[in-house]
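Please look over the sequence and the model below before reading on. The paragraphs that follow lead through the structure one part at a time.

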Amino acid sequence: MRATERNGRFAMAMAAVLSLFCVPVNAAEGELDKVREMLRIDTARALAAERARQAPVTKAAPAQARRGDRVVLTSLYGLKGALHAIVQVNGEPRLYRQGDELPRGATDAAREYRLQRIDDGCVYLRKGTAVRSACILPSAPGSRMAAEPPRAAPMPAMPPMFVPPLGGRP
């Protein structure tokens, strides 16, 4: 009888421990309903966004470049194949990346200049049928240095060094 009593107590202890890991069914069902509803809402939003993205868009006539547009290349940086150009169009900066047509953060693609290429310090842009270019102008010191042959830089001054005589003490 003691073995039966011991097994009964062991079974009761195991049941108590297992009950700690079990979630009440009523609480779990309510939470599952909330999760299902949130998933349904997220799925509906994703499907609506995808339908809007794939819907045929009537293209507006591309904006033509105005003669008064002022296009200035303010900086050009990066490595070949990954160049970045900052172009000011009528005083507003635009960041163009080599390989991307539109500037970064463009909101109205029809009104923006499209990048054709970046080549030899110049940026070539297209808007409608008009093609515009803007180049980095060499600065005065840079243009002088390009015209003159390169010179050797002077040696920097070195402090005097003390060298002890051979075999002697300093």
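Is the disulfide of cysteine 122 and cysteine 135 right-handed or left-handed? The model is a predicted one, and in it the torsion about the S-S bond of this pair is about 105 degrees, so the disulfide is right-handed. The S to S distance between cysteine 122 and cysteine 135 is 1.9 Å. A search of the whole structure finds one disulfide. Because cysteine 122 lies in strand β5 and cysteine 135 in strand β6 (residues 130–135), the bond ties together parts that are 13 residues apart in sequence. The two cysteines can also be described by their exposure. Cysteine 122 has a relative accessible area of 10%, so it is buried. Cysteine 135 has a relative accessibility of 35% and therefore counts as partly exposed.

The whole chain gives the setting for this bond. There are three helices and six strands in the protein chain. Along the sequence they follow the pattern α-α-β-β-β-β-β-β-α. The protein chain has 170 residues, and buried residues make up 12% of them. About 14600 Å² of the protein chain is exposed, with 60% of that area supplied by carbon and sulfur atoms. Of the contacts in the protein chain with a separation of 6 or more, 28% are between residues 24 or more positions apart.

The strands can be taken sheet by sheet. As a general point, strands of a sheet pair through backbone hydrogen bonds, either parallel or antiparallel. In one open sheet, three strands stand in the order β1-β2-β3, and their pairing is antiparallel. β1 and β3 (92–97) are the edge strands of this sheet, each pairing on one side only. From one strand to the next, the twist averages 20 degrees.

Within this sheet, β1 and β2 run antiparallel and are joined by eight bridges. One bridge pairs leucine 79 with alanine 82 in β2. The hairpin of β1 and β2 has two residues between the strands, and glycine 81 in this hairpin takes a positive phi near 95 degrees. β2 is also joined to β3, by six bridges, and these two strands run antiparallel. Histidine 84 has arginine 97 in β3 as its bridge partner.

A further open sheet of three strands has the order β4-β5-β6, again with antiparallel pairing. What is left at the edges of this sheet, where β4 and β6 stand? Each of these two strands has a single partner strand, so one side of each is left without a neighbour in the sheet. On average, neighbouring strands of this sheet are turned by 20 degrees against each other, direction ignored. Five bridges pair β4 with β5 in the antiparallel sense. Arginine 114 stands opposite arginine 126, which is in β5.

The next topic is the nonpolar core. Which residues of the largest nonpolar core touch the most other members? Val87, Val123 and Leu125 do, in a core of 13 residues. Two or more residues of this core come from each of β1 (71–79), β2 (82–89), β4 (114–119) and β5 (122–127). β2 gives the largest share, four residues.

Leucine 125 can be followed through its contacts. Apart from neighbours within four places in sequence, leucine 125 is in contact with Val71, Val87, Tyr96, Tyr113, Arg114, Leu115, Gln116, Ala130, Val131 and Arg132. Val87, listed here, is also one of the core residues that touch the most other members.

Leucine 73 offers a second residue to follow. Its place is in strand β1. Is leucine 73 buried or exposed? The relative accessible area of leucine 73 is 7%, and since buried means under 20%, this residue is buried. Leaving aside neighbours within four places in sequence, the contacts of leucine 73 include Ala85, Ile86 and Val87. Gly121, Cys122 and Val123 are also in contact with leucine 73, as are Ala134, Cys135 and Ile136. Both cysteines of the disulfide are therefore among the contacts of leucine 73. The C-alpha atoms of leucine 73 and serine 133 are separated by 8.7 Å, while the two residues are 60 residues apart along the chain.

Notes
Residues numbered from 1 in each chain as written. Predicted model: local features only at pLDDT ≥ 70, side-chain atom pairs only at ≥ 80, totals over all residues. Heavy atoms only, no water. Core = buried A, V, L, I, M, F, W, Y, C linked by side-chain atoms within 4.5 Å. Buried < 20%, exposed > 50% of the residue type's maximum accessible area, 1.4 Å probe, protein only. Contact = heavy atoms within 4.5 Å. Areas by Shrake-Rupley, 256 points an atom, 1.4 Å probe, with all protein chains shown as cover. Pairing = 2+ DSSP bridges. Axes fitted to C-alpha atoms, helices over the stretch in contact; angles between N-to-C directions. Disulfide = S-S within 2.5 Å.
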